[in-house]
Structures are given as C-alpha cells and as structure tokens.
Amino acid sequence: MIKEILLLGNPILREKSERIVKFDVELINIINDLKDTLIDFQHRKKIGRGIAAPQIDILKKVIFVNLFDRSFPLINPEIVWKSSEIFEVWDSCFSFDVAFFVKTIRYKSIKVKYQNITDEWLEEIFTDEMSELLQHEIDHLHGILATDHLKNNKDIILREEWEKRYNTNSSSKCRI
Ligand SMILES: [Zn+2]
C-alpha cells in the first residue's frame, strides 16, 4: 500500500528504530508498503532509489532499495566496516520532498551486515552510489537526516539549481 511520507520537522523522523525480531506477515507488509511507496515516489518525482521504514511512520529497522538492476529489502542493517576513503555527495531525501540538496561527506565503501526476508544474515560490500545511499538510509534508522551533515549554508541548494549543475538525465545522479 502507498503510504504517506513523513516530512522534515516530524519528530518521528528523529526517533531510533527497533530491530526486527519476527520474520512474519507484519514484516512482509512493511516491506510491501515500503516498496509501493518508493515506486510511487519514483514515478511521481522521477528520482529516488531507497526508503527507510521511519519515513512511513514505522520505527523498525527496515530499508528498501529499488534500482533498475536490483530491488531488495535490508532488515536490521548495520555498517560493520567503513573505508578510509571518503567522497562528497549532493544528497536529498523524500522527507525533504526532494526540494533541496545538501552536500554530505560519505564513506566510499562500506560493509553492511543485514538480514534478508528469510532471516538469513548476509554481509556485503557496497561502493560509490550504493555506499552513500545505504549510509543515508541507515542514518534514518538512527533518527539522523541528511541536513544533520550540513556544515555551512553554501552546502545547500534547491533542486532547480542541482538539476542545472548536475542532472544529466542519468538515474545515477538520483542522490536520494
Ligand atoms: Zn532520506
């Protein structure tokens, strides 16, 4: 079901999410709602790659990623390793309605430990776009938003300016 996305200023977005313990129908419903809401947003706004459960008012550690070559949930994800190499990303968020972008510094690669829908633990290294995307989504599970990474007012631009500077009609530029 397509859910309403909570926006910046909503205190729920600042809460810490709980671990998933039961791999039951309730979890399947959360994953389906995340997927439906993400796909709807992607269609309406022509942007977006991932969503975290707190954004649809569910304080549980679940993320859903939908890229054109890969679509999957990450349950109880945890970053267990970070590269020393970092990079700059203009980051936005469904919870900002993608109205603006903020400059953030992210790790170039991370290793994430997470469970899949069948309660199996997996460990996977993600690099570049997947790395910064998952850092953004995992932040949501800890009540952290991209604006928390803002260092000064030059590091925030409106979507229009971002499109002018960076958008090349490539889905790889969809920094949310
Ligand atoms: Zn976000």
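What follows is a conversation about reading the sheet, the helices and two loop residues of a predicted model.

Trainee: Before we look at any feature, what pLDDT does the protein average?

Mentor: The average is 93, and 95% of the residues score at least 70. Go carefully at residues 170-174, though: pLDDT stays under 50 there, and the model has eight contacts beyond four places in sequence for that stretch.

Trainee: Okay, on to the sheet. In what order do the five strands stand?

Mentor: Start with the general idea. Strands of a sheet pair through backbone hydrogen bonds, either parallel or antiparallel. Here the order is β1-β2-β3-β6-β7, the sheet is open, and the pairing is antiparallel. β1 and β7 are at the edges with a single partner strand each, so one side of each has no neighbour in the sheet. From one strand to the next, the twist averages 40°.

Trainee: How many bridges join β2 to β3?

Mentor: Six, with β3 covering residues 70-82. The two strands are linked by a hairpin with two residues in between. You can check the register by eye: Asn 66 stands opposite Ser 71, and Val 65 stands opposite Phe 72. As you step along, remember that side chains in a regular strand alternate between the two faces of the sheet.

Trainee: And what joins β1 to β2?

Mentor: Three bridges, between residues 50-52 and residues 62-67, again antiparallel. Look for Ile 51, which has Phe 64 of β2 opposite. Over at the β7 end, β6 and β7 pair through seven bridges, antiparallel too, with Lys 113 and Glu 123 as bridge partners.

Trainee: Now the helices. Which strands does α1 lie across?

Mentor: Helix α1, residues 25-45, lies across β1, β2 and β3, at about 40° to β2. As for α2, residues 128-141, that helix packs on the sheet and touches β1, β2, β3, β6 and β7, with its direction at about 125° to that of β7.

Trainee: How do I judge the length of α1, and what span is expected?

Mentor: Compare the end-to-end reach with the expected rise. The 21 residues of α1 reach 30 Å from first C-alpha to last, close to the 30 Å expected at 1.5 Å a residue.

Trainee: Which residues of α1 are buried?

Mentor: The general idea is that an α-helix has 3.6 residues a turn, so residues three or four places apart point the same way. In α1, the buried ones are Ile 30, Asp 33, Leu 34, Thr 37, Leu 38 and Phe 41. They cover an arc of only 125° around the axis, which puts them on the same side of α1. The buried residues pack against β1 and β2, while Val 25, Ile 28, Asn 29 and His 43 are exposed on the other side of the helix.

Trainee: Last one: where is Lys 46 found, and is that residue buried or exposed?

Mentor: Look in the loop between α1 and β1. Lys 46 has a positive phi of about 60° although it is not a glycine. With 12 other C-beta atoms within 10 Å, Lys 46 is exposed.

Trainee: What about the phi of Asp 119?

Mentor: Near 70°, also a positive value in a residue other than glycine. Asp 119 belongs to the hairpin of β6 and β7, which has five residues between the strands. Asp 119 counts as exposed, with 12 C-beta neighbours inside 10 Å.

Definitions and conventions:
Residues numbered from 1 in each chain as written. Predicted model: local features only at pLDDT ≥ 70, side-chain atom pairs only at ≥ 80, totals over all residues. pLDDT = per-residue confidence, 0-100. Contact = placed C-beta atoms within 7 Å. Pairing = 2+ DSSP bridges. Helix = DSSP H or I, 4+ residues; strand = E, 2+ residues; numbered from the N terminus. Axes fitted to C-alpha atoms, helices over the stretch in contact; angles between N-to-C directions. Expected span 1.5 Å × (residues − 1). Buried ≥ 20, exposed ≤ 12 C-beta atoms within 10 Å, placed from the backbone. Arc of directions from axis to C-beta.
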